[in-house]
Structure formats: C-alpha cells, structure tokens
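Welcome, and please load the model in your viewer with selection tools ready. We will go stop by stop, choosing something to select and then looking at what is there.

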Amino acid sequence: MIPLSRRKNVLRGRLAAPVALVALTSVLAGGVAGCSSAAQFRNGSIRVLAAENQYGDIAQQIGGRYVSVISVESNPNVDPHSYELSPRVASEADSAQVIVQNGLGYDGFMNKVEAATPNPHRNIVDVRRLLGLPSSTPNPHLWYEPQTMRRLAISLEATFGALQPSHRGYFSARASAFFSSLNLLGTKIASFKAKFGGQPVAVTEPVADYLLQDLGLRILTPFAFQAKVMNGVDLSPQEITAQNKLLSTRQVKAFVYNEQVTDPVTESFVAEAEKSSVPVVGAFETMPTPGFNYQNWMAAELNALSLAIDSGMSSRNLQQGALNG
Amino acid sequence: MINWGMAVISLAAAQGTGSKAVANGASGFLFSSPVDHALVAGTLVAICAGVVGTFAVFRGQSFATHSLSDIGAAGGAAALLAGVTPLAGFASMGTVAAIALESAETTSAKDRDITTGVLLGGSFGLSALLLYLASNFTNVSGATTGVLFGSLFTVSASTLPFLAAISVVVVLSVGLVARRLTLASFDPDLVRVKGKSPRTAGLIFLVALGLAVAMASLSLGAILSAALMIGPAASVLRLTSRVGTAVLTASLLAVAETWLGIYLAYESYSWPPNHDGWPASFLVVALVLLVYLASRGLERLRVLMGGNVGLSGGSATERGRGATPHV
Amino acid sequence: MFSSFMVNAWIAGTFVAVLGGVVGFYVVLGGNTFAAHALPTSAFAGAGAAAIAGVDPLVGLLAFSLLGAVGIASLENRASQGVPTALITTFILGVGSLFLSITNSYGEQIFAVLFGQVLGISRGELWAIGGTSIVCVGAVGLMSRPITISVLLPASAEAAGLNQGRMKLALLAAVALATSIALPVVGALLIFTLLVSPAASARYLVSSLRGGVVASVMIAVITVWLSIGLAYLTNLPVGFFVGTFGVLGYVGARTLSKVTSR
C-alpha cells in the first residue's frame with residue numbers, strides 16, 4: 001500500500017465515490033421499502049411462536065384449528081456466537097399473541113427479540129418460570145420430563161381460552177385428549193420402571209436425564225462430566241478413563257448420547273461403546289421431524305431404551321413408536 | 001517419547017509437589033489411554049507448530065495464524081452443509097484464505113494485519129450465513145464448526161496416523177521453502193535476482209500454515225492451536241538469531257509445554273475447587289504465555305549485559321544491525 | 001420494514017457504524033487490527049468471572065476487556081508484531097474455559113449475555129449504545145491529533161513528550177469500552193467488522209486524515225443500512241451482508257486506487 005504522504009497528491013477529491021454510493025443507496029432503499037418479509041401466521045387464528053418445535057407441538061395439540069403455530073426451528077446446537085435472528089423471526093415475535101420458550105439461557109435470543117418488540121398484550125410462557133424452577137437449574141432440557149408438558153398444556157389451554165372465549169370447550173376437549181395420551185405415556189413409564197428400574201446407564205450430556213430419572217434408571221456418569229460435555233470444555237483424563245471403563249467393562253446396560261451432536265468427544269464415546277458391545281441409544285435434543293409428536297417421540301425413546309436394556313440392541317435412529325404398543 | 005514423559009514427571013516430582021500424589025499419578029499417567037493419545041497427538045501438533053510458527057512469527061503473521069482457525073470455521077460450516085468431513089472444509093477454506101492473503105500484495109506487517117482483519121470479518125459473515133442455512137435446513141449440530149477447546153483427551157487412536165501424515169506434509173513443504181522464506185524476509189530482491197519468486201514461497205508457506213492450523217484446531221481446539229503456533233516460536237526467536245536453531249528449539253519447546261500441560265491436567269484432578277480436573281487447554285496456554293514472558297525478561301537481561309538479541313527481539317534498528325540470518 | 005424492532009435496528013446500526021467508522025480509522029491507522037479482534041474475545045472470560053463472583057455481567061466484560069487492553073498495550077511494541085496480542089487472547093479464552101468448568105452449570109446461560117442481536121434491540125439498549133458511541137467518538141476525537149502524530153511521525157512525537165505506550169493504551173481502552181457495551185447489544189461480528197473494513201477501505205479512497213474519517217464513517221453507515229435492508233428483504237442474517245460488503249468494499253477500494261494511480 002502507498003504511504004499516506006505520497007497518496008496525498010495523487011488521490012485528492014476522491015470523496016466523490018462515497019457520495020455517489022450514498023445516492024445509490026437511497027434510491028435502492030426507496031425502491032425496496034414497499035416489500036416486506038412479514039410474518040407467515042394464518043389469518044383469524046391465535047398466533048403462537050414457539051422457540052423449540054417440541055413446545056410448538058404442544059401448542060398445536062391444544063389449540064387445534066384455532067391456532068397458527070410457528071416454531072423458530074433454530075438448531076439449538078448451533079454456536080450462539082454465530083447464530084443470528086432472522087428478520088422473519090423478529091417480525092413473527094412482533095405479531096405473535098403467545099410466545100413459548102424454554103428459558104434458562106437455552107433460547108436467550110427470544111428475550112432479546114421480545115425486548116425489541118414490546119407488547120403488553122402478548123402472553124409469554126417461559127417454561128422454567130412456569131415450573132417455578134430457580135434460574136440456577138443446571139439441566140436446561142426441561143421438556144424431557146413429561147410433567148413439564150402437562151403443566152404447559154394447562155397453561156396454554158387457559159391462555160387460548162382467554163384469547164378466544166367462544167372456543168373454550170374446543171380447547172378443553174383437546175387438552176383432555178392430550179392428557180389421556182400423556183397418561184398412556186405415564187403408564188408406559190411406570191411399567192418400564194417396574195421392569196427395568198435400577199438398571200445402570202451411561203450418558204454424554206444431560207439431554208435425556210429427566211426422562212431417565214423418571215424411568216428409575218441409574219445414571220452412572222457424574223453430572224460434572226455431563227456439564228463439561230454440554231459446555232464444550234475439557235474433560236480430565238481421569239473422567240474419560242472412568243467413563244470408558246463403564247463402557248469397556250460393561251457396567252452399564254445402555255449408553256445414551258445426544259443424537260444431534262457430531263463432535264469428536266461424543267463420537268469417541270460412541271465408538272468405545274460400540275467396541276465393547278454396549279447398546280447405544282440416540283437421544284434427540286429437539287423433536288425429530290417429520291412424523292413425530294411429543295408423546296410418540298418420548299415413546300420412541302422409551303422403546304429404544306427398552307430394546308437396549310432388554311435385548312442389547314442399539315438405536316442410532318428413532319423408529320416410530322406407537323403409544324398403545 | 002516415553003523417556004521424555006518420564007523426564008517431565010521426574011522433574012515435577014523433584015520439585016516436590018506432594019510426593020505421594022505424584023507417585024500415584026505418575027504410575028497411572030502413562031497407563032491411561034486418553035493421556036497416551038493426547039501425548040502423541042500433542043507431540044505431532046507441537047512439532048508442526050514449532051516449524052510453521054517460527055516462520056509465521058518472524059514474517060509477522062501472528063494475526064493470520066490466529067485468524068486461520070476462525071476462517072477455517074467457515075469452511076467447517078460449509079462442510080456441515082455439504083455433508084463432508086470438517087477437515088476438508090477447514091483445509092480448503094484455509095487454502096483459499098492463504099491465496100487471498102498472499103495475492104493481496106501487502107508490503108508491511110501492518111497492512112497484512114488489516115487485510116487479515118477484513119478477510120476475517122468476511123469469513124464471520126460467511127459463517128453466519130452457512131450456520132443459518134444449516135440450522136434451517138439440516139438437523140445436525142454445528143459443534144464441529146468451531147471447537148474452541150475440549151478435545152485434547154478425546155483424540156481417538158484412529159486419527160493419529162492421519163495427524164502424522166499431515167504433519168509430515170506440513171514439515172516437508174516448509175522445509176522445501178525455508179531458505180527462500182528466510183531470504184525473502186530480509187531481502188526479497190536477492191531472491192528475485194536468483195530467479196525465484198518470493199511470493200511462490202510465501203504462498204506454499206501459507207497453505208502449509210492453513211493445513212497445520214486446520215489439523216491443530218480440529219484435533220486440539222482453536223485456542224491451543226493458536227497458542228502453540230505462536231508462543232514457543234516467539235519465545236525462541238527472542239533468544240536466538242539462527243533460523244535452524246530456532247526451528248529446532250521452538251519445536252522442542254512446544255513439545256515440552258504440551259507435555260507439561262498434559263501432565264498438570266492429569267495432576268489437577270486432585271486440585272480445588274471441584275476436584276474434577278482443570279481444563280488442559282487453559283494449563284497449556286498459561287504455560288505458553290509464562291514461557292514467552294520469561295523469554296522477554298531473559299532477552300532484556302541479555303541486552304543489559306551487552307549480548308546479542310534474537311531475530312524478533314529489540315527494535316527494528318537493532319535487528320538490522322545485530323543479526324544476520326544463518327540458515 | 002419500519003416496525004419497532006427494525007427502527008431500533010436502523011438506529012443502533014447507525015450508532016455502531018459511526019462508532020466503528022471513527023474509532024476504527026485510528027485503530028487501522030495505528031496498526032491495531034489484531035487488538036480490535038482480541039478485545040471482544042476477552043469479554044468471554046469476563047462473563048464467566050462475573051457469574052462466579054455474582055456481579056453484573058457488564059462489570060465482568062468491562063474489567064476483562066480493559067485488562068486485555070492493558071496487557072496488549074504494555075507488551076506489544078513495534079518488534080513484537082502481534083505475538084503478545086495472540087498469546088493474551090488465547091490465555092483469556094483459556095481462563096474462560098477454566099471458569100466454565102468450575103461453574104458446573106449450563107454455560108449458555110452465562111454467555112447468553114454476550115450474543116447481541118441487531119434485530120433484538122430494546123429502547124433501553126438504544127440509549128446505552130447511543131451514549132457509548134458519543135463518549136467513545138468524543139474521546140477518540142480529543143485524542144486524534146496525538147494519535148496521528150505518534151503513528152505517522154513517531155520521532156517528533158517522542159520529542160514532543162508524547163508517550164507512545166500511553167497513546168496506544170488510551171485508544172485500546174476506548175475500543176474495550178465500546179466492545180463491552182456494544183457486544184451484548186449487536187454482537188461481536190458487527191463490531192469487529194465495522195471497526196476494520198470501512199476504515200481499511202477509506203484509506204485507499206481518501207488521502208487526507210479528516211476526509212479519511214468521514215469516508216470511513218460513510219462507508220460504515222452505508223454498509224449497515226444496505227445490510228439491514230437486504231437482510232429484511234431476503235431473510236438472511238445481517239452479519240452475512242456486513243461481512244460480505246466489508247470484503248467487497250475493501251477489494252473495490254484497492255482496485256480503484258490501483259487503477260487511478262496508474
């Protein structure tokens with residue numbers, strides 16, 4: 001590059017270029033002001049924005065044809081350093097009547113977009129707050145606990161009913177249907193617990209921990225280990241050796257890992273489990289699509305676990321699980 | 001290699017850091033497979049880092065070295081979308097960036113930094129786009145697009161031959177252009193007179209650097225990669241004026257720092273507050289910074305006593321007078 | 001295109017563009033590009049430290065990025081060529097990983113504060129970003145003469161009793177302050193790109209110092225406006241456009257200056 005002193009004579013009056021650019025920009029801006037990337041909600045129905053698709057699914061099950069649900073569908077594992085809200089999500093949040101989010105920093109971008117689109121009439125359901133959990137709750141994967149969804153459904157039924165009082169009966173009928181299928185899931189969980197309760201498992205991250213605890217399984221991987229993997233910080237060699245020993249000496253009946261993570265740490269433990277013929281079970285962090293709703297997603301995870309513990313079979317991909325099977 | 005490990009251990013033991021704990025730790029240390037793999041992978045990366053880093057530092061390319069892992073991350077995101085291995089994305093993006101940097105015809109380190117900065121900004125933008133597409137149209141996680149830290153002890157045995165192969169390629173290609181690189185840094189015209197282009201050498205070097213950074217940041221994490229590439233070489237270059245000596249000692253120093261860091265990470269399992277181990281990346285990076293600060297102190301001491309300074313030490317004028325390159 | 005969140009994005013984007021254009025001009029002039037990248041990165045450890053100490057994250061961000069500025073300014077000299085900056089950055093990131101492994105809780109919660117969203121800016125944040133921009137631009141404006149002299153004429157600056165190290169520290173402190181406040185609002189990508197690319201392009205277009213600052217600000221503002229507008233139309237991330245225009249503008253400016261000087 002030319003030194004500043006020499007360029008002084010050569011490049012005088014070069015300001016013309018930026019000025020021309022400004023003029024061009026104002027023309028462009030004027031031309032495009034007419035278009036928009038407005039929200040895609042259906043007219044006449046309750047506009048619901050869910051940060052994660054499993055919460056969107058519950059909203060859809062309760063609200064039926066009187067709600068229009070959009071899930072942000074953001075992949076929660078994308079590095080938030082680089083994750084940027086798209087203008088469409090921002091305008092959807094702007095026009096939504098109900099927002100469902102997990103809280104606990106899991107979907108922190110929702111708080112920002114809500115602050116940017118202030119609206120006193122909008123109902124924001126923060127699942128962490130709904131459950132009355134402290135903000136220091138270490139495991140944010142609240143939806144893996146079916147009771148969470150019962151509480152959410154009750155809250156959404158009331159919210160929808162207040163927004164469209166004439167359809168209260170409809171919402172409560174749909175909520176009852178949801179509760180009875182949730183009860184079926186509960187029965188499955190109870191019979192799993194009676195059959196396999198106390199069986200040891202190993203995990204990488206606390207993704208499915210709430211469900212595993214409901215099932216009465218003993219998680220032999222320490223929580224400190226799980227927290228480190230979740231946060232992407234170094235495991236110590238002793239922790240890795242202990243985890244590998246759980247797998248190589250087959251002290252656990254199943255190894256549950258985060259199906260949506262493809263990092264070297266997770267893969268090294270999956271490889272270790274497969275080498276030692278410990279059955280592996282993939283737990284999805286968000287609801288797999290298409291073809292699943294919350295209940296049969298959980299049922300499918302449950303089937304995968306019982307296949308693993310009962311007959312030593314691995315399930316790296318989920319099979320559609322029937323609730324009534 | 002094992003002897004080196006033992007030497008490090010006996011050194012630590014001799015310094016008396018709780019003899020019983022060390023004895024127990026030492027016996028377990030070398031029989032722990034995560035440690036073995038980390039030692040091998042760390043050694044390969046450290047040797048590459050010493051070789052590549054020496055030239056990167058005295059060519060004033062610390063920022064480029066540091067940025068190549070961020071720029072490579074955009075390639076990692078592209079690989080995620082395309083469904084190919086992240087290393088392919090990292091390495092090809094690194095090569096593209098290297099070509100762009102070298103063809104920018106920058107004349108001073110400051111200009112190189114500015115060009116690097118603009119490119120880095122562009123690659124952040126590209127990452128944002130690719131991750132947006134990946135998160136909207138795929139179901140996989142973006143974890144491999146940016147591994148900051150955390151993978152030193154989970155390097156799998158199957159990747160070790162692969163790391164070794166890349167190391168050989170990197171070291172050989174730097175060896176091929178080492179002479180021209182050294183001359184070009186001091187007197188580009190001399191290289192031109194000999195009928196060779198200093199820019200070809202620079203390009204080959206930057207591609208090797210990109211490959212080394214891709215390998216290091218994918219296997220050990222981005223911060224370890226950057227620290228090992230720059231720290232040991234910069235420490236050594238303050239104390240020696242011979243390029244050959246610098247390359248050799250920088251590699252040895254990088255290996256030593258890695259091993260000591262791995263050993264401390266093993267030992268830290270018994271440290272407060274949680275007694276579950278301090279992150280190895282932190283320990284290695286802290287050692288690298290400490291050694292660099294110590295080398296600056298040592299250099300100052302030498303200058304005070306009227307001795308010679310290293311290649312990157314002192315002011316520009318001192319460098320011009322004091323040291324001539326010995327290749 | 002002009003709903004409340006878009007209006008906030010336009011305003012905040014303009015503030016950050018002016019801030020980046022002015023401060024960035026002196027950052028680029030003084031060869032502190034690497035430091036401009038390093039300081040936002042330092043904030044990472046600050047958020048972790050604040051969480052462990054139980055104080056407001058902003059305190060942690062400010063403390064750590066100022067610490068980074070002091071470290072870089074005191075260790076970096078003409079011969080060290082970015083080495084201290086690289087090592088200090090990686091060290092601070094390492095400290096961040098140490099904090100993260102100590103807390104044993106969900107890390108995203110701690111670091112969520114760092115990830116600003118230009119489309120998620122509230123009224124209150126608008127005041128914060130506006131105030132910071134005015135303070136930083138004012139401070140750098142006051143320092144512009146001594147900074148320029150110390151960069152372009154180091155010998156006469158020393159003769160006039162200007163301390164190079166202190167000048168660098170003052171400039172980096174301004175960058176640190178700007179990052180700590182702007183990072184949680186607009187995100188690291190926008191700050192870093194706007195600090196470097198417009199100023200780098202302006203150097204090729206305008207020779208005079210004052211003209212350079214004006215051109216740098218104008219390029220930054222145009223970049224941000226175009227980016228926000230195009231992001232709205234295409235639903236692609238704002239950061240993608242800012243980064244792309246940064247590179248295109250730089251390449252264009254270099255080509256233009258090469259063609260006209262021939």
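What is the mean pLDDT of chain C, and what percentage of its residues reach 70 or more? Select chain C and colour by confidence: the mean is 89, and 98% of the residues reach 70 or more. Keep in mind throughout that this is a predicted model. Its overall scores are ipTM 0.92 and pTM 0.85.

**Stop 1: two helices in chain C**

Stay with chain C and pick residues 209-234, which form helix 10, the element of chain C with the highest mean pLDDT, 95. Now pick residues 107-111: this is helix 5 of chain C, with the lowest mean pLDDT among the elements of that chain, 74.

**Stop 2: chain B**

Next, select chain B and show it as a cartoon. You should find 13 helices and zero strands. Of the 327 residues in chain B, 60% are buried. Look also at how the chain folds back on itself: among contacts in chain B with a separation of 6 or more, 76% join residues 24 or more positions apart.

Colour chain B by confidence too. The average pLDDT is 80, and 78% of the residues score at least 70. Helix 11 of chain B (residues 243-267) has the highest mean pLDDT among the elements of the chain, 95, while helix 13 of chain B has the lowest, 35. Select residues 1-26 of chain B, where the pLDDT is below 50; the model gives this stretch 23 contacts beyond near neighbours in sequence. Then select residues 313-327 of chain B, where pLDDT also stays under 50 and the model has 29 contacts beyond four places in sequence. A word of care for these stretches: where pLDDT is low, the predicted coordinates should not be read in detail.

**Stop 3: where chain B touches chain C**

Show chains B and C together. Their contact takes 46 residues from chain B and 38 residues from chain C. On the chain B side, the elements that give two or more residues are helix 4 (62-82), helix 6 (109-137), helix 10 (222-237), helix 12 (280-304) and helix 13 (316-322) of chain B. Highlight helix 6 of chain B, because the largest share of this side, 16 residues, comes from there. Colour the chain B side by class and you will have 29 nonpolar, 14 polar and three charged residues.

**Stop 4: chain A and its helix 8**

Move to chain A, which has 13 helices and eight strands. Here 52% of the 325 residues count as buried.

Select residues 168-196, helix 8 of chain A, together with residues 294-311, helix 13 of chain A: their axes come within 10 Å and cross at roughly 15°. The two helices are therefore roughly parallel to each other, and their crossing is left-handed. Show side chains to see the residues that meet, including A:L185, A:I189 and A:F192 from helix 8 and A:M298, A:A299 and A:L302 from helix 13. The residues of this contact divide into nine nonpolar, three polar and one charged.

Keep helix 8 of chain A and add residues 146-163, helix 7 of chain A. The axes of helices 7 and 8 come within 9 Å and cross at roughly 175°, which makes the pair roughly antiparallel. Among the residues that meet are A:M149, A:A153 and A:F160 of helix 7 and A:F171, A:A175 and A:F178 of helix 8. By class, this contact has ten nonpolar, three polar and three charged residues. A:L182 and A:L185 of helix 8 are worth labelling: they appear in the contact with helix 13 and in the contact with helix 7.

**Stop 5: an oblique pair in chain A**

Select residues 87-95 and 108-116 of chain A, helices 4 and 5. They pack at an angle of about 60°, with their axes 9 Å apart, which makes them oblique to each other. Their crossing is right-handed. Label A:V89, A:A90 and A:A93 on helix 4, and A:V113, A:E114 and A:A116 on helix 5, which make the contact. These divide into five nonpolar, no polar and one charged.

**Stop 6: A:V252**

Last, centre on A:V252, in the loop between helix 11 (237-248) and strand 7 (254-258) of chain A. Is A:V252 buried or exposed? With 26 C-beta neighbours inside 10 Å, A:V252 counts as buried. Beyond four places in sequence, the contacts of A:V252 include A:P200, A:V201, A:L220 and A:V278. Finally, draw a C-alpha to C-alpha distance to A:A273: 9.9 Å in space, for residues 21 apart in sequence.

How values were computed:
Residues numbered from 1 in each chain as written. Chains lettered and ligands numbered in written order. Axes fitted to C-alpha atoms, helices over the stretch in contact; angles between N-to-C directions. Helix = DSSP H or I, 4+ residues; strand = E, 2+ residues; numbered from the N terminus. Parallel < 35°, antiparallel > 145°, perpendicular 65-115°, else oblique. Left-handed = near helix turned anticlockwise from the far one by under 90°. Contact = placed C-beta atoms within 7 Å. Nonpolar A, V, L, I, M, F, W, Y, C, P; charged D, E, K, R; others polar. pLDDT = per-residue confidence, 0-100. Buried ≥ 20, exposed ≤ 12 C-beta atoms within 10 Å, placed from the backbone.
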